[in-house]
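Student: I should like to learn how to read a ligand-binding pocket. Could you guide me through one, step by step?

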Amino acid sequence: MALQRTFSIIKPDATKRNLTGKINALIEDAGLRIIAQKRIHMTRAQAETFYGVHRERPFFGELVDFMVSGPVVVQVLEGDDAIATYRKVMGATNPKDAEDGTIRKVFAESIEANSVHGSDAPETAEVEIAYFFAGLELVG
Ligand code: ATP
Ligand code: MG
């Protein structure tokens with residue numbers, strides 16, 4: 001499998017509990033390289049646009065409230081099959097369903113406060129990376 005890039009967010013529930021380093025360790029242990037990273041506090045407009053595909057879902061308002069409730073760490077990860085590899089390390093959306101050893105099983109608080117985001121396809125990864133990073137900020 002060719003080298004691929006994916007977009008990651010360490011969500012407010014995790015930054016609040018000082019889990020950035022522990023989550024990064026699981027990311028690196030999975031063979032993914034963090035080639036860009038910054039801590040930001042998303043605006044409501046940024047969060048609404050980022051999760052725009054979920055606009056019609058009943059949890060959309062709460063999800064946006066959650067994503068702007070504190071700082072997040074946005075990242076670009078690079079590795080073999082990075083999108084699927086990271087989704088595997090993240091675990092299922094609902095931590096109750098997540099496999100042992102995954103980030104969400106170990107750290108997530110709930111289906112909403114589930115500690116991390118990862119892109120779900122090459123097309124979304126490209127859009128999400130470009131939304132938060134300039135090309136020069138990616139150092140592979
Ligand atoms: P993400 O897109 O954040 O990587 P995902 O792809 O596993 O997560 P999605 O279905 O895309 O899950 O949902 C996006 C986010 O919306 C979830 O990560 C979670 O924070 C929140 N969410 C999803 N389903 C629910 C729900 N039923 N109730 C509350 N929040 C939810
Ligand atoms: Mg998703």
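**Reading a pocket and its ligand**

Tutor: Let us begin with the walls, bearing in mind that this is a predicted model. Five elements each supply at least two residues of the lining of the largest pocket: helix H3 (44-50), helix H4 (60-67), helix H5, strand S4 and helix H7 (122-132).

Student: Which helix gives the most to the lining of the largest pocket?

Tutor: That is H7, which contributes four residues.

Student: How is such a space found, and what volume does the largest pocket have?

Tutor: Rolling a probe the size of a water molecule over the atoms reveals where empty space remains. Here, the volume of the largest pocket is about 660 Å³. Its lining comprises 27 residues, and those nearest the centre are Tyr 51, Val 53, His 54, Leu 63 and His 117. By class, the lining has 10 nonpolar, nine polar and eight charged residues.

Student: Where does ligand 1 sit?

Tutor: Ligand 1 occupies the largest pocket. There are 14 residues around ligand 1, of which Tyr 51, Thr 93, Glu 112, Asn 114 and His 117 come nearest. This shell divides into five nonpolar, five polar and four charged residues. Helix H5 (82-90) and strand S4 (116-118) each provide at least two residues of the shell.

Student: Which side chains have polar atoms close to an oxygen atom of ligand 1?

Tutor: One looks for N or O atoms within 3.5 Å of each other. Thr 93 has a polar side-chain atom 2.5 Å from an oxygen atom of ligand 1. For Tyr 51, the corresponding distance is 2.7 Å, and for Lys 11 it is 2.9 Å.

Student: How much of the accessible area of ligand 1 does the protein cover?

Tutor: On its own, ligand 1 has 570 Å² of accessible area, and the protein covers 81% of it.

Technical notes: Residues numbered from 1 in each chain as written. Chains lettered and ligands numbered in written order. Predicted model: local features only at pLDDT ≥ 70, side-chain atom pairs only at ≥ 80, totals over all residues. Heavy atoms only, no water. Near = heavy atom within 4 Å. Polar contact = N/O pair within 3.5 Å; in protein donor to acceptor, adjacent residues only side chain to side chain. Areas by Shrake-Rupley, 256 points an atom, 1.4 Å probe, with all protein chains shown as cover. 1 Å grid on protein atoms, 1.4 Å probe; cavity = no way out; pocket = protein on both sides within 12 Å on 5 of 7 lines; lining within 4 Å. Sits in = over half its atoms within 2 Å of the grid points. Nonpolar A, V, L, I, M, F, W, Y, C, P; charged D, E, K, R; others polar. Points joined across faces, edges and corners; volume = space filled by probe spheres on them.
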